[in-house]
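Open the model in your viewer and switch to a cartoon view. Keep side chains ready to display. The tour goes one selection at a time.

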Amino acid sequence: ATLHGRLGDFVGSKPALVDGVAAVHAFVEPDWTSFDRPLPDGTPLTYVRESDRGVAVGPALCVKLKRREAFSADARADAAADAAAFRRCNALAFELAGVGGLIDVDALLADDDELRDDPDRPFGNRGGKFVQSRLRDVEGRLVSPTIATPLADVPEPFKAQHYGKILSPAAARRLVVANAWTLPATAPAEAFAELEAALDAAAADVRAALGVVPSTRLAAEEERWTAPGVRGSIEGWEPGDVSDAVWAVRYAYKADSGGGAVGFNAVLSEAVDHPHLAVYVGLRGNKASLVADYVPRRDIAVPTGLFASDLPDALLKRPGVSSVPSFDARVRATRSPAALAASCDAASTSDVAALAAALRWHVDLWLAGLEVAAAPSDPASVAARDATVRASIRAHEADAGRPLL
């Protein structure tokens with residue numbers, strides 16, 4: 001696959017089938033209005049972006065693929081293209097976004113919107129019409145404009161192509177956070193299970209990035225514990241041969257009454273200038289909750305980078321999602337400007353999906369920052385602040401745990 005950096009290069013590219021392998025092309029759709037591309041005879045052809053027929057969704061990934069029928073020796077020359085191919089591609093984006101278990105993607109996504117060839121233009125103008133169109137949200141359903149070219153009786157460069165637009169998992173998460181779709185209600189236990197699955201998938205990505213390994217220092221009675229009406233667990237990870245982490249921990253409890261909570265923390269060493277990570281999901285009564293933060297390691301006068309994330313505002317704009325204040329000054333003192341603390345009705349599938357998508361969005365931003373993090377200029381002061389924050393949070397957790405146990 002070739003990911004093009006220039007729109008003109010993508011427009012001029014052609015997917016090919018070489019020794020049974022498809023050479024395909026992609027381009028991250030920019031925000032554009034028009035551009036010129038010369039035809040083979042030198043005449044400029046102007047592409048003007050199609051006006052919206054619904055809400056534009058993106059950024060989308062423009063892709064040029066080979067039709068699946070091109071791989072079959074039995075395919076008829078007049079065989080129809082797979083009309084739902086790009087609907088399935090976009091469904092995969094929702095699965096990778098961590099919300100596929102909550103959103104009925106088949107009900108949300110419409111079949112491809114086939115763009116017809118312009119009779120006043122050469123056959124190859126199909127590609128231009130594809131570039132002009134947008135992935136759209138039409139009455140709560142995503143419609144991906146596509147073009148499929150015939151298997152025969154056309155010039156070889158234009159044969160058996162399938163053009164379409166798909167969301168990236170990151171764009172799918174943003175879409176889920178922003179849109180309050182009307183979806184069938186979810187049972188509270190199912191909502192909590194989906195939030196727990198989203199947290200565990202994100203935590204697995206973090207552990208892989210940090211290179212931590214399971215800790216052997218927890219005793220059996222510490223790994224699994226019980227109290228009247230409550231069962232809990234703790235799992236720990238420590239640095240491997242090469243790791244920026246000091247430790248990572250997953251803690252959980254579930255009540256016989258149906259409520260529960262799961263949290264994951266990743267604490268970095270003073271050798272890396274990046275905030276710690278904390279994520280938590282819970283269910284109490286009919287309320288599902290999400291708490292997530294980039295724990296600061298220095299004072300923040302002007303929020304930048306991770307701390308300037310627009311995720312909290314995007315999530316709290318939803319009518320069904322409300323902010324959850326903390327009554328503990330120790331927690332408020334350690335929170336960052338990008339802290340998430342939100343809850344919703346556990347029966348609201350759309351809002352629970354937004355919490356799950358926000359969790360993955362939050363962790364993905366942290367992982368992206370970790371890749372480029374450098375060493376701090378004053379590791380001693382970072383280490384001192386870390387010790388203070390750990391002591392403060394430990395005291396908060398002890399106070400919260402006493403009534404439970």
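Which residues in α2 and α5 meet? Select Ala93, Phe94 and Leu96 in α2. Then add Pro169, Ala172, Arg173, Leu175 and Val176 in α5, which they meet. Keep in mind throughout that this is a predicted model.

**Stop 1: α2 against α5**

Look along the two helices. α2 covers residues 85-96, and α5 covers residues 169-178. Their axes are 8 Å apart, and the packing angle is about 75°. Angles of 65 to 115 degrees count as roughly perpendicular, so α2 and α5 are roughly perpendicular to each other. Now colour the contact of α2 with α5 by residue class. Seven of its residues are nonpolar, none is polar and one is charged.

**Stop 2: α5 against α10**

Keep α5 and add helix α10, residues 349-371. Here too the axes are 8 Å apart, with an angle of about 140°. The two helices are therefore oblique to each other. Their crossing is left-handed. On the α5 side, show Arg173, Arg174, Val176 and Val177. On the α10 side, show Ala353, Ala354, Ala357, Ala358, Arg360, Trp361 and Asp364. The classes in the contact of α5 with α10 are seven nonpolar, no polar and four charged. Arg173 and Val176 also belong to the set from α5 that α2 meets.

**Stop 3: the six-stranded sheet**

Hide the side chains and select the open sheet. Its six strands come in the order β1-β4-β8-β13-β12-β9, and the pairing is mixed. Which strands are at the edges? They are β1 (2-3) and β9 (113-114), each pairing on one side only. Zoom in on β1. Two bridges join β1 to β4 (residues 25-28), and the two strands run parallel. Pick Thr2 and find its bridge partner in β4, His25. Now bring α2 back. This helix packs on the sheet and touches β8 (60-66), β12 (145-148) and β13 (161-167). The direction of α2 makes about 30° with that of β13.

**Stop 4: strands around β16**

Move to β16, residues 230-239. Three strands pair with it, taken here in turn.

- Select β14 (residues 212-214): three bridges join β14 to β16, antiparallel. Val213 has Glu238 as its bridge partner in β16.
- Select β15 (residues 224-227): four bridges pair β15 with β16 in the antiparallel sense. Trp225 stands opposite Gly232.
- Select β17 (residues 245-255): eight bridges link β17 and β16, again antiparallel. Ala248 in β17 stands opposite Trp237.

Go back to the link from β15 to β16. How many residues lie between these strands of the hairpin? There are two, and Gly229 in the turn has a positive phi of about 80°.

**Stop 5: an aromatic pair**

Stay with Trp237 and display Phe264. A search of the whole structure finds two aromatic pairs. In this one, the ring centres of Trp237 and Phe264 are 6.2 Å apart and the planes are at 65°, so the pair is edge-to-face. Where in the chain do the two residues sit? Trp237 is in β16, while Phe264 is in β18 (residues 260-268). They are 27 residues apart, and the pair links distant parts of the chain.

Methods: Residues numbered from 1 in each chain as written. Predicted model: local features only at pLDDT ≥ 70, side-chain atom pairs only at ≥ 80, totals over all residues. Heavy atoms only, no water. Pairing = 2+ DSSP bridges. Axes fitted to C-alpha atoms, helices over the stretch in contact; angles between N-to-C directions. Parallel < 35°, antiparallel > 145°, perpendicular 65-115°, else oblique. Left-handed = near helix turned anticlockwise from the far one by under 90°. Contact = heavy atoms within 4.5 Å. Nonpolar A, V, L, I, M, F, W, Y, C, P; charged D, E, K, R; others polar. Phe/Tyr/Trp six-rings, centres within 6.5 Å; stacked < 30°, edge-to-face > 60°.
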